[in-house]
Amino acid sequence: MALHVTDADFQTQVLDSSVPVLVDFWAEWCQPCLMLAPVIEQVGQDFDGRATVAKLDVDANPISAAEYGIRSIPTVLLFKGGAVVEQIIGVQPITAYKKAIEKHL
């Protein structure tokens, strides 16, 4: 299951994580985001214990979205060691998200 992160806990949950963290920047009104949601949940299950999969609502958490220049959603960023190491914009096949994480495990 995907972890829901906020501006308040982004530092501790994402940037300070000891494992790679895949963050789905999304919003409730975004149809492609809703299409991507089950894919993100599946990736979270597949990598449970090896990587963290998180979701950040850009409307409720504008600081983190602005900090990473999120202009189009869904945007998925992979963080490792506090830095962005991969970026996937738009809805992609589940293999794209899995490959991104596997490269950084």
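**A charge over a ring, a disulfide and an aromatic cluster**

The charged end of Lys 55 sits over the ring of Trp 26. The distance from the ring centre is 4.7 Å. The structure described here is a predicted model.

The overall build comes next. The chain holds four helices and five strands. Along the sequence, these elements follow the order β-α-β-α-β-α-β-β-α. The chain has 105 residues and a radius of gyration of 12 Å. A compact globule with 105 residues would have a value near 13 Å, so the two agree. Along the principal axes, the C-alpha atoms fill a box of roughly 30 × 30 × 20 Å.

Burial and contacts were then examined. Of the 105 residues, 44% count as buried. The accessible surface of the chain comes to about 5,400 Å². Carbon and sulfur atoms account for 54% of that surface. Contacts between residues at least 6 apart in sequence were also sorted by separation. Among these, 66% join residues at least 24 apart.

A search of the whole structure for disulfides finds one. This bond joins Cys 30 to Cys 33, with an S to S distance of 2.3 Å. The torsion about the S-S bond is about 80 degrees, so the disulfide of Cys 30 and Cys 33 is right-handed. Both partners, Cys 30 and Cys 33, are buried.

Aromatic contacts form the next topic. A pair of aromatic rings is described by the distance of the centres and the angle of the planes. The count in this structure comes to three aromatic pairs. One of them is formed by Phe 10 and Tyr 68. Their centres lie 5.6 Å apart, with 40 degrees between the planes. This pair is tilted; the class takes in angles that are neither under 30 degrees nor over 60. The pair links distant parts of the chain, as Phe 10 and Tyr 68 are 58 residues apart. Phe 10 belongs to helix α1, which covers residues 10–15. Tyr 68 lies in the loop between α3 (62–67) and β4 (75–80).

Phe 10 and Tyr 68 were also compared with the burial cut-offs. Phe 10 has a relative accessible area of 4%, so this residue is buried, the limit being under 20%. Tyr 68 has a relative accessible area of 23% and is therefore partly exposed.

Phe 10 also pairs with Phe 79. The two ring centres are 5.5 Å apart. Their planes stand at 80 degrees, so the pair is edge-to-face. This pair, too, links distant parts of the chain. Phe 10 sits in helix α1 and Phe 79 in strand β4, 69 residues apart. Phe 79 is buried, with a relative accessible area of 1%. Together, Phe 10, Tyr 68 and Phe 79 form one aromatic cluster.

A loop residue, Asn 61, completes the account. Asn 61 lies in the loop between β3 (52–57) and α3. Its relative accessibility is 7%, so Asn 61 counts as buried. Residues up to four places away in sequence were set aside when its contacts were listed. On that basis, Asn 61 touches Val 5, Thr 6, Asp 7 and Leu 56.

Conventions: Residues numbered from 1 in each chain as written. Predicted model: local features only at pLDDT ≥ 70, side-chain atom pairs only at ≥ 80, totals over all residues. Heavy atoms only, no water. Disulfide = S-S within 2.5 Å. Buried < 20%, exposed > 50% of the residue type's maximum accessible area, 1.4 Å probe, protein only. Phe/Tyr/Trp six-rings, centres within 6.5 Å; stacked < 30°, edge-to-face > 60°. Helix = DSSP H or I, 4+ residues; strand = E, 2+ residues; numbered from the N terminus. Lys NZ or Arg CZ within 6 Å of the ring centre and 35° of its normal. Rg over C-alpha atoms; globule rule 2.2 N^0.38 Å. Contact = heavy atoms within 4.5 Å. Areas by Shrake-Rupley, 256 points an atom, 1.4 Å probe, with all protein chains shown as cover.
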